[in-house]
Amino acid sequence: MPLNAYWGPLVERSEDFADTSFLMEPLAIPEQQFWPEEYSSFGGLHFKETACKINFFDGTRDFRWAPATYELAPDGNTLCLILHDLYYPIDVRLYYRLHTEYDILERWCQICNQGTAVQVERCCSAQFSLPGTGYQCVNFTGRWSGEFQQREVNLSCGKQIFDSLCGVTGHQCSPVFAVHRGANEDHGSIWFGALAYSGNFKIILENICGHMLNILAGISDTDFLWTISEGECFEAPHLYAGYADGFSAMSHLLHRFSLNWLLPAETSHKTLPVLYNSWYATEFGVDDIQQHLLAEKAAALGVELFVVDDGWFKGRTDSSAGLGDWIPDPQKFPCGLSPLIHHVQLLGMRFGLWIEPEMVNPESQLYHLHPDWILQYPNREPLMWRNQYILNLALSPVQDYLFTALHSLLLENDISYLKWDMNRYAAEIGSRNVKPETWRSLWHKQVVGVYELAGKLRSAHPQLEMEACASGGGRVDFSALQYFDEFWPSDNTDPLDRLAIQQHYSLFYPIKCMRSWITDDFAFNGRRVPLRFAAHVAMCGALGIGLDLNQETPERLRSLSQYIEQYKRIRPIIQFGTLYRLNSFENTDTHIIQYVLGNRIVLFAFLQKGHYGRKLYRCCLKGLEPSSLYCFDTGGHHVVKSGAYLMQCGILLNLHGDWDSRIIEFEIS
Ligand code: DGJ
């Protein structure tokens with residue numbers, strides 16, 4: 001059984017690891033429980049969470065390893081460790097791909113069966129062990145409109161599970177872990193992993209009697225059952241793992257890896273455009289004339305992409321009808337979308353549209369024709385949520401219908417962006433067209449179906465930009481990153497909540513993909529936030545505007561166009577730069593974020609509430625060249641300081657009263 005010898009900072013001399021007695025106690029069979037196994041099986045003499053559970057035809061339910069063999073892929077970077085069963089013709093293949101440039105290890109697993117069909121109840125992507133105890137783990141708690149609330153969990157006893165049973169990544173937590181022992185932004189060992197999966201996942205962190213931490217990550221085994229017939233393999237989702245000194249370093253590794261390796265290659269190097277989206281302005285009440293007017297206002301501000309959200313398609317006047325029929329509503333758009341698209345393009349903008357492909361309203365032509373295409377149980381009224389059912393994306397006719405409908409929509413209209421939404425969690429994973437004995441595989445097949453559809457659309461339209469949204473941030477993960485260019489992290493656009501959501505999102509996920517809009521939707525907390533503060537918060541990510549521009553005063557429109565102009569100037573630093581979280585409202589008066597790209601730096605500083613007349617706040621920058629000279633403007637003064645000065649002594653930020661904010665740009669002189 002391959003055991004994990006070490007996980008941590010680089011130790012160059014591999015010979016040091018030859019003698020494992022230095023690393024671990026002698027292995028006694030009755031203590032299998034304590035072995036740091038690379039991939040454990042249910043059964044045997046371990047009474048802990050294990051990486052796989054395979055049911056053989058004769059009732060045996062454990063996998064017993066013969067000595068492992070290995071293969072090295074021709075790329076020289078991928079190792080496959082092959083674990084053979086002692087008796088049954090079945091292999092567990094553990095893959096390790098090194099991304100040396102990014103200091104990231106990609107892991108995944110395959111179970112390949114050469115014999116009578118087996119059933120897999122659990123197949124984790126990877127297992128990890130850390131010696132000793134005293135660990136904590138960072139993840140999130142959340143819900144719709146309150147995603148990414150960072151929490152610290154103490155792992156000193158029992159086990160901690162982060163999972164989703166929603167059929168999608170979900171709002172509650174993220175398929176990630178960052179285990180540490182009191183690390184902070186700048187220092188401290190962090191062992192992290194991010195699972196590339198947008199469905200039911202499970203991350204288990206189990207303290208084994210104070211002896212070690214057992215970490216498992218993969219598809220959730222709740223209601224999961226996969227049959228592997230003779231000659232077939234099952235492949236688990238990939239996982240990206242690493243070690244970093246401090247949370248800042250962890251974010252840098254994951255951000256760079258996401259930008260350069262994971263994001264769709266055709267679009268990843270392009271800056272994301274400033275978009276306008278009318279959802280908060282009009283909701284479902286979309287119409288041609290009002291959209292023409294909004295487009296004119298948006299173009300005058302400098303918007304580059306004009307997006308019509310939900311409400312544009314046939315029968316869609318509220319959430320009760322239309323999903324599934326992806327054609328423009330003839331009443332709202334009597335001549336189709338083309339006149340609006342031409343108008344938008346003449347104004348110098350690109351055109352984008354909202355879709356929700358996985359869903360169908362009972363009130364739609366699609367449902368009337370194919371009521372059997374939804375996920376449902378027999379003898380039960382299908383459960384409705386937001387007036388919609390989920391289509392079974394594992395069915396080829398459903399895939400074909402959706403691809404044809406969306407492909408034609410893109411061919412017939414010059415659409416360069418899609419916001420792909422998903423507004424209900426999955427339930428009743430059954431289908432009239434699929435044999436009941438395979439229903440428990442549908443959870444996973446549904447996720448694969450989403451990837452397949454998104455992948456086919458991308459291949460047919462390589463320049464298409466796509467945003468992943470699931471009632472806000474319900475589909476933010478490292479697999480969605482490979483099909484979508486950007487995420488909608490939350491429907492909550494309250495600037496104060498957004499600062500926290502954005503800060504925590506940035507721990508694992510890249511800023512470039514973080515859409516952020518200026519809106520006047522203050523319903524979440526009932527507080528009105530000045531435009532400048534709201535604009536500065538939205539400028540910290542990929543800027544969007546969600547205001548009802550037809551109601552805005554000329555003065556506010558003027559300010560908006562200035563913010564957009566400034567954003568375009570600093571956008572490459574924000575979208576492609578290195579992020580430093582300098583201060584947070586969670587532990588101080590100010591919230592300060594800094595981005596560095598080459599010789600350019602931009603700093604955002606926020607003060608929500610002034611106290612006792614205080615006007616000056618000192619802040620030390622990070623990630624600068626100590627001996628370089630940086631010039632910047634502050635309070636109308638042109639200043640030049642060395643990187644060392646700015647990092648050690650810092651600058652004095654002039655912030656005063658309530659809702660104050662500053663953007664300061666620095667450049668090496
Ligand atoms: C939920 C999304 O999060 C919103 O941004 C919006 O697109 C609505 N759905 C539309 O139904």
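**Group meeting: a hairpin, a ligand and two pockets**

Okay, let's start with one pair of residues: Thr69 has Ile82, over in β3, as its bridge partner. Keep in mind that this is a predicted model. Thr69 belongs to strand β2, which covers residues 69–72, and β2 runs antiparallel to β3, residues 78–84, with four bridges joining them. Five residues sit between the two strands of this hairpin, and Gly76 has a positive phi there, near 75 degrees.

Now, the ligand. What surrounds it? There are 13 residues, and the closest are Asp309, Asp310, Lys419, Asp421 and Asp491. Sort that shell by class and you get six charged, four nonpolar and three polar residues. For the polar contacts, look at Arg386: one of its polar side-chain atoms is 2.9 Å from a ligand oxygen. Trp354 also places a polar side-chain atom by an oxygen of the ligand, at 3.1 Å. Asn423 has a side-chain N or O atom 3.3 Å from a ligand nitrogen. And how much of the ligand's 290 Å² of accessible area does the protein cover? It's 98%.

On to the pockets. The largest has a volume of about 1,300 Å³. Its lining takes in 34 residues, with Asn4, Tyr6, Trp7, Leu98 and Leu105 nearest the centre. Our hairpin strand β3 is back here, since β3, β4, β5 and β16 each give two or more residues to this lining. By class, the lining has 20 nonpolar, 10 polar and four charged residues.

The second largest pocket holds about 590 Å³. Which element gives the most to its lining? That's α9, with five residues. This lining divides into 12 polar, nine nonpolar and nine charged residues.

Terms used. Residues are numbered from 1 along each chain as its sequence is written. This is a predicted model: local features need pLDDT of at least 70, side-chain atom pairs count only at pLDDT 80 or more; totals for chains, interfaces and linings use all residues. Side-chain values use heavy atoms; hydrogens and water are left out. A residue is near a molecule or strand if one of its heavy atoms lies within 4 Å of it. A polar contact is a pair of N or O atoms within 3.5 Å; within protein, one must be able to donate a hydrogen and the other to accept it, and residues adjacent in sequence count only if both atoms are side-chain atoms. Accessible areas come from the Shrake-Rupley method with a 1.4 Å probe; for residues, only the protein chains shown count as cover. Ala, Val, Leu, Ile, Met, Phe, Trp, Tyr, Cys and Pro count as nonpolar, Asp, Glu, Lys and Arg as charged, and the others, Gly among them, as polar. Two strands pair if DSSP finds at least two bridges between them. On a 1 Å grid over the protein atoms alone, a cavity is a set of points where a 1.4 Å probe fits but cannot get out, and a pocket is an open set with protein on both sides within 12 Å along at least five of seven lines; lining residues have an atom within 4 Å of a point. Grid points are joined across faces, edges and corners, and a volume is the space filled by probe spheres set on the points.
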